[in-house]
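Please work through the exercises below with the sequence and the model open beside you, and try each task before you read its solution.

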Amino acid sequence: LWKLRNGGYMAKNDKLDKTQANFLTEAYKLRARLYSEHTGRMWTRFNYLLTANIALFGFFLNSLFEKMPPLNSVLFPIGGIIISIIWYVLGTQDRYYFEGFRVQTQEVEKAITNALGIEQLEKRVFAKPEKVKTSFLTKRWQKISLSRLPALVPLVFLLLWIFLLLARILI
């Protein structure tokens, strides 16, 4: 059964009227568009903050080899720590909304397929591709999936910056 807005239910075999079909279609398009747009924004932010960290790392290395005040070689790691913390917070929030939009899109997709009486749609948009052969060059590791990178990479940089700061202070 599929719950209708008016509180009633529609059996899987009942046909959708044009208004319901249009609503579901538009809801799916909207959620898919939000998901896609958010993903684009997430990776744009990721790229900017990655570039900022790499540039700061370059300045840090330059400060070690050039005759710069020792304070500079401490300020760069502190700046890196601040950028990495901000990047981590943004990355975790991006991942939260990424997952939320994906779930919403899947729910609308499921409502459409249920309302149409489709038990199993072979090429569902977000389903795991069953027929893809895995190999050394073709894998999907859940623990290091692309959607996790915006939250994991900032932590790696944060640890690097903390290590560099401690090394610079203690040495």
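The exercises that follow concern a predicted model, and they move from the overall fold to the cores, the cavity and the salt bridges.

**Exercise 1. The overall fold**

Task: Describe which helices and strands the protein chain contains, and in what order they come.

Solution: Begin by counting the elements, which gives three helices and two strands in the protein chain. Next, read along the sequence, where the pattern is β-β-α-α-α. Then turn to burial, and you will find that buried residues make up 27% of the 171 residues in the chain. Finally, take the contacts between residues at least 6 apart in sequence, of which 73% join residues at least 24 apart.

**Exercise 2. The nonpolar cores**

Task: Find which residues of the largest nonpolar core touch the most other members, and which elements supply this core.

Solution: The largest nonpolar core has 13 residues, and those that touch the most other members are Phe 60, Ile 81, Trp 87, Val 153, Phe 157 and Trp 161. Sorting the core by element, we see that helix 1, helix 2 and helix 3 (149–170) each supply at least two of its residues, while helix 3 gives the most, with six residues. As a closer look at one member, leave out residues up to four places away in sequence, and Phe 60 then touches Ser 73, Phe 76, Pro 77, Trp 161 and Leu 164. Apart from the largest core lies another one of seven residues, including Leu 24, Tyr 28, Ala 111 and Ile 112.

**Exercise 3. The cavity**

Task: Determine how many cavities of 30 Å³ or more the structure holds, and which residues line the largest cavity.

Solution: Rolling a probe the size of a water molecule over the atoms shows where empty space is left. By this approach the structure holds one cavity of 30 Å³ or more, and the space in the largest cavity comes to about 40 Å³. Its lining is made up of Met 42, Arg 45, Phe 46, Leu 49, Trp 87, Leu 90, Gly 91, Asp 94 and Pro 150. Helix 1 (18–65) and helix 2 (70–115) are the elements that give two or more residues to this lining. Sorted by character, the lining residues are six nonpolar, one polar and two charged.

**Exercise 4. The salt bridges**

Task: Count the salt bridges, and work out where the partners of the Asp 94 and Arg 45 pair lie in the chain.

Solution: Side chains of opposite charge can pair when their charged atoms come close. The count comes to five salt bridges, and we may take three of the pairs in turn.

1. Asp 94 and Arg 45 form a salt bridge in which the closest N and O atoms are 2.6 Å apart. The pair links distant parts of the chain, with Asp 94 in helix 2 and Arg 45 in helix 1, 49 residues apart. Asp 94 counts as buried at 7% relative accessibility, whereas Arg 45 is partly exposed at 28%. Asp 94 and Arg 45 also appear in the lining of the largest cavity.

2. Glu 37 and Arg 33 meet in a salt bridge of 3.3 Å, N to O. Because the two are four residues apart in helix 1, about one helical turn separates them. Glu 37 is partly exposed, with a relative accessible area of 35%, and Arg 33 is partly exposed as well, at 45%.

3. Glu 99 pairs with Arg 102, the closest N and O atoms being 2.4 Å apart. These residues are three apart in helix 2, so they too are separated by about one helical turn. Salt bridges that share partners join Arg 95, Glu 99 and Arg 102 into one network.

Note on methods. Residues numbered from 1 in each chain as written. Predicted model: local features only at pLDDT ≥ 70, side-chain atom pairs only at ≥ 80, totals over all residues. Heavy atoms only, no water. 1 Å grid on protein atoms, 1.4 Å probe; cavity = no way out; pocket = protein on both sides within 12 Å on 5 of 7 lines; lining within 4 Å. Points joined across faces, edges and corners; volume = space filled by probe spheres on them. Nonpolar A, V, L, I, M, F, W, Y, C, P; charged D, E, K, R; others polar. Core = buried A, V, L, I, M, F, W, Y, C linked by side-chain atoms within 4.5 Å. Buried < 20%, exposed > 50% of the residue type's maximum accessible area, 1.4 Å probe, protein only. Contact = heavy atoms within 4.5 Å. Salt bridge = Lys/Arg side-chain N within 4 Å of Asp/Glu carboxyl O.
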